[in-house]
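Good morning. Please have the sequence and the model open, and stop me if you lose the place.

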Amino acid sequence: MITPNLIEAKKRSQRKSIVKDAEYKITNELKQLGKGKTYFIKTYGCQMNEHDGENIKAILEDLSFKEVDNYEKADLILLNTCSIRENAHNKAFGMLGRLKHLKQTNENLIIGLCGCMAQEEVVVQEIMDKYKFVDLVFGTHNIHHLPQILNEAIKKKELEVEVMSIEGDIIENLPVKRDSKYKAWINIMYGCDKFCTYCIVPYTRGKQRSRKNVHILKEVEDLIKQGYKEVTLLGQNVNAYGKDLDEDYRMENLLEDVAKTKIPRIRFVTSHPWDFTDQMINVIKKYDNIMPYIHLPLQSGSNRILKLMGRRYTKEEYLTLFNKIKEAIPNVSITTDIIVGFPNETEEDFLQTLDVVNKCQFDSAFTFIFSKRVGTPAAKMKDNVSMDEKNQRLQKLNEVVNHYARVANEKYLGRIVPVLIEGYSKKEDDMLMGYTDTMKLVNVKGDSKYIGQIVQVKIEDIKTWSMDGSIVN
Ligand code: SAH
Ligand code: SF4
Ligand code: F3S
């Protein structure tokens, strides 16, 4: 049993991360482990967690498990969890609660928990104390070892925990079963060293480790051969890509090299304002296949709160960068993340946030109420703002954010825009769906033969969070 340790998770050393390209190994015997058995995996977190889920699925299929979409029919259920806020945490525990009775009717059922919550000491303790029916817990640094962990759990019939709290290395040989045939996630870096005071990610994901450009470019080339139309380069701070490598090769160089592969669409998330360089802006502007869409988290518009958050930029610096991007890249859409109710946030601080929202008029924003994460510095800060007040601020902020989202969408009415058709619309029968270059969701009238293609769509109707249109190819 290897359980998580917060003190270890916090440590950062000068040691360079090691690229391991043979770390994931399975014996012929293990290849039969899931023969005749099914699995169900539920992912709660960000794109990185989704992508981990795609790796985990491929590993389980290497072990001969078959995927099912109803957890009640599965022999193995994995919850791929997220720690970012209390409600993500509660959702996973709620699901565990519902799984308990399944275990009572099927004693061969295996239940596991992985993802960021597995990296938290308090979570693993709670599972050991109160959720004794769980069979395995493995961390974000232990995914490549899943075959062995699962094998132990099945053999021993008691809780198997393997969660390493390490800075982490780079495992290059994990298999992947992608959810889409047209767009793919590509990790360009792991971990985070920014340690924003409210955030748990640097503890659950380890230190910043950039993948080598040759590995990333090879992955893009392979995806092109398989017919993929879009890649999203993933990292908690993609702009800091390369800072931990020996060679002088940064995000702007990587973006340019990925653009030269001629993959039709390139996206990247998330951009921390701190490392956004002019060179990056120039490269985005220069290449048509780098999409004019940037997610640029603001978090707060108050300099006092930004400082307490450890974000290392001011309101003025954010606005300067925002305007520079808007001026340089025609048609760019910029979205953001905002937290309200950080400890001791005053009405004046909140008005500063609204001021930035009014100035930037974001295309859209994810808004959150500050959530205490055990082990982070902000969790220890005294807070004099009531939950009622925080809720009111969130509501007020959402009204303003929604207004500008609609205003941004209205500019599209009557225009013809490129959309990558991904499949059928979830909401409306007989409609297709896809995203514009600027990441606007469009429900599209048209022939299903266009699924997987980038087509021209005329926008005919506007809603706050989506648009309707018809293919005009
Ligand atoms: N690496 C990204 C953010 C990843 S987490 C960045 O720095 O921009 C996604 C979003 O969750 C954050 O941008 C933040 O707005 C929100 N978030 C993170 N920790 C939070 C917390 N403790 N409470 C509320 N929201 C939080
Ligand atoms: Fe969290 Fe800050 Fe790192 Fe983003 S940059 S993952 S908010 S610590
Ligand atoms: Fe959640 Fe972990 Fe992502 S905490 S947001 S799943 S990095």
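Before the barrel, one term: two strands pair if DSSP finds at least two bridges between them. This is a predicted model, so keep that in mind throughout.

Let us start with the barrel. Five strands make a closed barrel, in the order S17-S18-S19-S21-S20, and the pairing in this barrel is mixed. From one strand to the next, the twist averages 50°. Take one pair from the barrel: strand S19, residues 441–445, runs parallel to strand S21, residues 467–471, and four bridges join them. If you want a residue to look for there, Lys 445 stands opposite Ser 470 in S21.

Next, an open sheet. Which strands form it, and in what order? There are three, in the order S9-S12-S13, and the pairing is parallel. Strand S9 (183–187) and S13 are at the edges with a single partner strand each, so one side of each has no neighbour in the sheet. The twist here averages 25° from one strand to the next. Between S9 and strand S12, residues 230–234, there are five bridges, and the two run parallel. Within that pair, Ile 186 has Leu 233 in S12 as its bridge partner.

A word of background for those new to this. Strands of a sheet pair through backbone hydrogen bonds, either parallel or antiparallel. In a regular strand the side chains alternate between the two faces of the sheet.

Now go back towards the start of the chain, to strand S2. S2 covers residues 38–43 and is joined by two bridges to strand S3, residues 66–67, with the two running parallel. To get from S2 to S3, the chain passes through helix H2, residues 47–62, and this β-α-β crossover is right-handed. S2 also pairs in the parallel sense with strand S4, residues 76–81, over five bridges. Tyr 39 is a useful marker here: its bridge partner in S3 is Glu 67, and its bridge partner in S4 is Leu 76.

On to the ligands, beginning with ligand 1. How many residues surround ligand 1? The number is 15, and the closest are Gln 236, Pro 297, Gln 299, Asp 337 and Ser 371. By type, this shell divides into seven nonpolar, four polar and four charged residues. Two strands, S15 (333–340) and S16 (364–369), each supply at least two residues of the shell.

Here are some individual distances for ligand 1. One of its oxygen atoms is 2.9 Å from an N or O atom in the side chain of Arg 85. A nitrogen atom of ligand 1 is 2.8 Å from a polar backbone atom of Gln 236. For Ser 371, a polar backbone atom is likewise 2.8 Å from a nitrogen atom of ligand 1. Taken alone, ligand 1 exposes 550 Å², and the protein buries 90% of that.

Then ligand 2. The residues around ligand 2 include Cys 192, Cys 196 and Cys 199, along with Lys 194, Gln 236, His 272 and Arg 311. The shell around ligand 2 divides into seven nonpolar, three polar and two charged residues. Gln 236 has now come up twice: it is among the closest residues to ligand 1, and it is also in the list for ligand 2.

Another residue on the ligand 2 list is Phe 195. Phe 195 is in the loop between strand S10 (189–190) and helix H6 (201–205). It is not a glycine, yet it has a positive phi of about 50°.

One more backbone detail. Is the peptide bond from Val 269 to Thr 270 cis or trans? It is cis, with omega near -5°. Thr 270 is in the loop between strand S13 (265–269) and helix H9 (278–286).

Last, a helix residue. Lys 359 lies in helix H12, residues 347–360. Its side chain makes a polar contact with the side chain of Asp 355, at 2.8 Å. From Lys 359 to Cys 82 there are 277 residues in sequence, and the two are 32 Å apart in space, C-alpha to C-alpha.

That is the tour. Questions are welcome.

Notes. Residues are numbered from 1 along each chain as its sequence is written. Chains are lettered from A and ligands numbered from 1 in the order in which they are written. This is a predicted model: local features need pLDDT of at least 70, side-chain atom pairs count only at pLDDT 80 or more; totals for chains, interfaces and linings use all residues. Side-chain values use heavy atoms; hydrogens and water are left out. A crossover is right-handed if, with the strands pointing away from the viewer, the path from the first strand over the helix to the second runs clockwise. A residue is near a molecule or strand if one of its heavy atoms lies within 4 Å of it. Ala, Val, Leu, Ile, Met, Phe, Trp, Tyr, Cys and Pro count as nonpolar, Asp, Glu, Lys and Arg as charged, and the others, Gly among them, as polar. Axes are lines fitted to C-alpha atoms, for helices over the stretch in contact, and angles run from 0 to 180 degrees between N-to-C directions. A polar contact is a pair of N or O atoms within 3.5 Å; within protein, one must be able to donate a hydrogen and the other to accept it, and residues adjacent in sequence count only if both atoms are side-chain atoms. Accessible areas come from the Shrake-Rupley method with a 1.4 Å probe; for residues, only the protein chains shown count as cover.
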